[in-house]
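Reader: Could you take me through this protein and its ligand step by step? I would like to begin with the ligand.

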Amino acid sequence: MYLTNEEELIYNGGQGPTLQKMMEILVALGDIYGADKLIPIKSAQIAGVSYKTIGDAGLEWISDLKGTAKVPAVLNPMGMDRNAWESMGIDRIFADKQEEIIRAYERLGIKAECTCTPYYLERPRFGDHLAWSESSAVCFANSVLGARTNREGGPSALAAALVGKTAEYGLHINENRHPTVTIKVKEPIHGAEYGALGYVVGPKVGDGIPIFTLKTTPSEDELKHLGAALAASGAVAMFHVLDVTPEQYILPPERMEVGRKELENENDWQVPSRYFLPRNNIEVDLNAVKKLMQEHSEPDLIALGCPHASTAELEDILRALKGRKVKKEVWVCVGRSAAEKDAGLIDALRQSGIKVLYDTCMVVSPAANHFKKMMVNSGKALKYVPSMCGVEAGIGTTEECIEEACR
Ligand code: F3S
């Protein structure tokens with residue numbers, strides 16, 4: 001991989017051992033994936049924050065580093081709400097360790113904004129190169145915003161933050177962003193069904209790039225849930241939705257023209273080779289999606305906000321409450337700063353008895369481990385809760401979750 005003089009100086013230790021180590025990580029990845037050079041990034045988002053997931057070894061690794069982030073950098077959710085850890089049932093030892101981790105990142109110039117929806121803090125622009133590691137945020141940035149990031153690991157995102165660059169490979173390159181498989185969904189779907197769809201489709205797609213043909217036009221929140229679940233149950237880092245997501249223009253325009261015309265013929269799923277949809281296609285069994293949505297009886301915890309809730313999602317929850325108080329334990333997870341603008345909504349939710357938790361989530365916090373069955377409205381949480389928390393999980397719509405909470 002070609003390095004500039006300055007990059008080579010860093011690689012050889014001329015700017016200290018931390019930057020040298022970081023540059024070694026970037027160069028090693030670049031060499032593995034065939035990058036020609038490093039490219040500047042606009043921001044970094046770093047996973048590996050909860051003490052539950054990184055433990056003492058992770059804390060020690062971060063604490064030994066010295067340096068300052070060269071680009072705006074934020075963190076993934078941590079293991080607790082810093083102001084409400086006691087009411088979450090978190091013990092002091094965990095809380096102290098978690099604080100140490102956050103302070104270690106802060107010493108590196110990384111903001112203690114712990115969110116899996118960093119695009120609510122600052123929305124990347126189309127074509128921006130990023131180094132993000134939260135898989136749902138990666139999917140959202142690539143697919144919905146047209147920004148460019150690989151699925152970084154925590155250490156490689158941190159390396160990119162401290163160097164201000166990443167190796168140019170994978171989804172930073174045009175031709176790697178084309179769809180590889182067509183997913184046909186032949187009936188309208190709504191709300192949490194998008195998460196269930198991603199949960200069902202993810203394993204079939206693996207690390208491919210699906211393009212969906214849908215009967216409904218998804219909202220941004222529905223796309224967020226689709227991508228989060230695809231990334232969790234598969235290893236998807238980017239998807240397209242025909243005529244919805246912004247990046248179909250990278251396909252040759254004359255093919256785009258053909259594609260649009262032929263799609264008007266509802267029965268024409270047999271696409272000719274010149275058509276831009278991949279011939280490799282999967283027809284989704286919507287019965288599997290609907291069945292999944294029915295398996296959520298008797299939860300003792302209802303947890304919403306995976307990925308962290310948007311303003312529109314908070315409004316949906318409030319609407320579903322219809323002025324009632326909840327009778328079960330209910331959590332809604334949000335990023336702290338993003339939530340400041342929604343202070344009124346959050347107050348109203350708290351008055352109904354809901355716990356609105358900042359900068360943490362039902363998966364990365366040990367607090368959820370005490371429950372038996374969790375009801376969620378997220379395909380990603382459905383996938384991770386059993387393995388990460390040892391808790392059974394079921395998925396329902398936001399309205400069903402709130403009905404269950406008020407029963
Ligand atoms: Fe975010 Fe936690 Fe879900 S990090 S995407 S709320 S599992």
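**Around the ligand**

Reader: Which residues are around the ligand?

Author: The ligand is surrounded by Pro-77, Cys-116, Glu-134, Ser-136, Gly-305, Cys-306, Pro-307, Cys-361, Val-363 and Lys-380; a residue is near a molecule if one of its heavy atoms lies within 4 Å of it. This is a predicted model, where local features need pLDDT of at least 70, side-chain atom pairs count only at pLDDT 80 or more, and totals for chains, interfaces and linings use all residues. Residues are numbered from 1 along each chain as its sequence is written, and side-chain values use heavy atoms, leaving out hydrogens and water.

Reader: How many of the shell are nonpolar, polar and charged?

Author: The shell has 6 nonpolar, 2 polar and 2 charged residues.

Reader: And the largest nonpolar core, which residues touch the most other members?

Author: Phe-212 and Met-362 do, in a core of 108 residues. Such a core joins buried Ala, Val, Leu, Ile, Met, Phe, Trp, Tyr and Cys residues through side-chain atoms within 4.5 Å, buried being under 20% relative accessible area with a 1.4 Å probe, protein chains only.

Reader: What does Met-362 touch?

Author: Leaving aside residues up to four places away in sequence, its contacts (heavy atoms within 4.5 Å) include Gly-305 and Cys-306, and both of these are also around the ligand. Trp-331, Cys-333 and Met-374 are among the others.

Reader: How much of the whole chain is buried?

Author: Buried residues are 58% of the 407 in the protein chain.

Reader: What does the C-alpha trace span?

Author: Along its principal axes, about 65 × 60 × 35 Å.

Definitions and conventions:
Buried < 20%, exposed > 50% of the residue type's maximum accessible area, 1.4 Å probe, protein only. Nonpolar A, V, L, I, M, F, W, Y, C, P; charged D, E, K, R; others polar.
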